[in-house]
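These notebook entries record what I looked up in the structure below. I turned to contacts, charged pairs and empty space.

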Amino acid sequence: MDIREMRNEVLGARVVKALESRNMEAYYVKTKEEALAKALELIPEGSSVSWGGSMSAQEIGLLDAVRGGNYEVLDRGTKETRAEQEEVMHQALNCDVFLGSTNALSEDGVLVNIDGNANRVAAYSYGPKTVLLIVGMNKVVKSEADAMSRAKNEAAPINAQRFGIQTPCVKNGTCSDCKSPECICCQILITRFSKVPKRTKVILVDENLGF
C-alpha cells in the first residue's frame, strides 16, 4: 500500500461514517472492479434503472453492466428526439434505482451537485426509490464551502467543455456566475441528510473518477 492509498483509506473510512450519520448507506472500496461488484449487489435484478449522465458510473463499467443485465433500463441515450429523451427523463423520476455521482463531497458527508436541466438533482432529491452514487476520492474536499467551490469552479467548467457549449467558464476555466443561455449551473442541490433511511447509497472508490 502506497502513501496515497494509506491516506485515502483512513479518510474514506471517516467519510463513510459521516455519510452514515446523515442517514445514508456508504461503502469504501479500493478499485473500479470492487465498486462495480458492490454496485451490482445493491441493484436487485428486475429493477427499473436509469441515470443522469454520470461519467463515474460509466468509468467503472456500471452502465454497460446494467444494459447487459436483467434490468428494465431507462436510457435517454437510446432516443433520437428531444421529446423522446424528455419522456425517458420523466419516467426516470419513478424508477427503482437512479445511478449517478456527485460534483463534490465534503469530509463531513455533505453532497453538492449543480445541474442544468435539473433532471439529475431532481432525482437525487425525490422520486426514485434508491439513489446509488459512485464517487471517486478525487471529489472529497474538506468542507461544504469547498464542495461548492469544487462543483462551480472545477466540475462545471469541465462538463461545459465536454458538452461543447459556449459559456464563460469554457473560455476561462472557472465559474463566472454567468447567466448565459447555455448555462449548466441552473440548479444547485445540497444534500445534508437522507429523509428516507438509506435511500441514498454512496460507494467511495480510491480512484480518480469523473470530473
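**Entry 1: Arg-150**

I listed the contacts of Arg-150 and, leaving out residues up to four places away in sequence, found Asn-103, Ala-104, Asn-138, Lys-139, Val-141, Ala-155 and Phe-211. The model I am reading is a predicted one. Arg-150 belongs to helix α7. Its relative accessibility is 7%, and Arg-150 therefore counts as buried, the limit being under 20%.

**Entry 2: The annotated domain**

I consulted UniProt, where an unreviewed entry lists residues 14-205 as "domain: LUD". Over residues 14-205 I note 38% helix and 23% strand. The C-alpha atoms at the two ends of this stretch are 13 Å apart.

**Entry 3: Salt bridges**

I obtained a count of 13 salt bridges. I then examined some of them individually.

Arg-14 and Glu-107 meet through their side chains in a salt bridge, with 3.1 Å from N to O. The two residues are 93 apart and link distant parts of the chain: Arg-14 sits in helix α1 (residues 3-21), and Glu-107 in the loop between β5 (104-106) and β6. How exposed or buried is each partner? Arg-14 is partly exposed, at a relative accessible area of 42%, whereas Glu-107 is buried, at 12%.

Glu-107 also forms a salt bridge with Lys-142, whose closest N and O atoms are 3.3 Å apart. Lys-142 lies in the loop between β8 (140-141) and α7, and Glu-107 in the loop between β5 and β6, so this pair ties together parts 35 residues apart in sequence. Lys-142 has 56% relative accessibility and counts as exposed. I recorded Arg-14, Glu-107 and Lys-142 as a network of salt bridges.

A further salt bridge joins the side chains of Lys-201 and Glu-25, at 2.6 Å from N to O. Lys-201 is in strand β10 (residues 200-205) and Glu-25 in strand β1 (residues 25-29), so the pair ties together parts 176 residues apart in sequence. I found both Lys-201 and Glu-25 to be buried.

**Entry 4: The largest pocket**

I read a volume of about 660 Å³ for the largest pocket. Which residues lie nearest its centre? They are Gly-52, Asp-115, Arg-120, Arg-162 and Phe-163, out of 35 lining residues. The lining divides into twelve nonpolar, 15 polar and eight charged residues. At least two lining residues come from each of α3 (55-59), α5 (82-92), β6 (111-115), α6 (119-125) and α7 (144-163). Helix α7 gives the most, with six.

**Entry 5: Cavities**

I searched the whole structure and found two cavities of 30 Å³ or more.

The largest cavity holds about 50 Å³ of space. Its lining consists of Ser-50, Trp-51, Arg-76, Val-88, Met-89, Ala-92, Leu-93, Phe-98, Asn-119 and Ala-123. By class I noted seven nonpolar, two polar and one charged. β2 (48-51), α5 and α6 each supply at least two of the lining residues, and α5 gives the most, with three.

The second largest cavity holds about 40 Å³. I listed its lining as Leu-111, Asn-113, Tyr-124, Val-131, Leu-133, Thr-191 and Thr-200. Four of these residues are nonpolar, three polar and none charged. β6 and β7 (130-136) each provide at least two of them.

Conventions: Residues numbered from 1 in each chain as written. Predicted model: local features only at pLDDT ≥ 70, side-chain atom pairs only at ≥ 80, totals over all residues. Heavy atoms only, no water. UniProt positions renumbered as here; feature names shortened; annotations may be inferred. Helix = DSSP H or I, 4+ residues; strand = E, 2+ residues; numbered from the N terminus. 1 Å grid on protein atoms, 1.4 Å probe; cavity = no way out; pocket = protein on both sides within 12 Å on 5 of 7 lines; lining within 4 Å. Points joined across faces, edges and corners; volume = space filled by probe spheres on them. Nonpolar A, V, L, I, M, F, W, Y, C, P; charged D, E, K, R; others polar. Salt bridge = Lys/Arg side-chain N within 4 Å of Asp/Glu carboxyl O. Buried < 20%, exposed > 50% of the residue type's maximum accessible area, 1.4 Å probe, protein only. Contact = heavy atoms within 4.5 Å.
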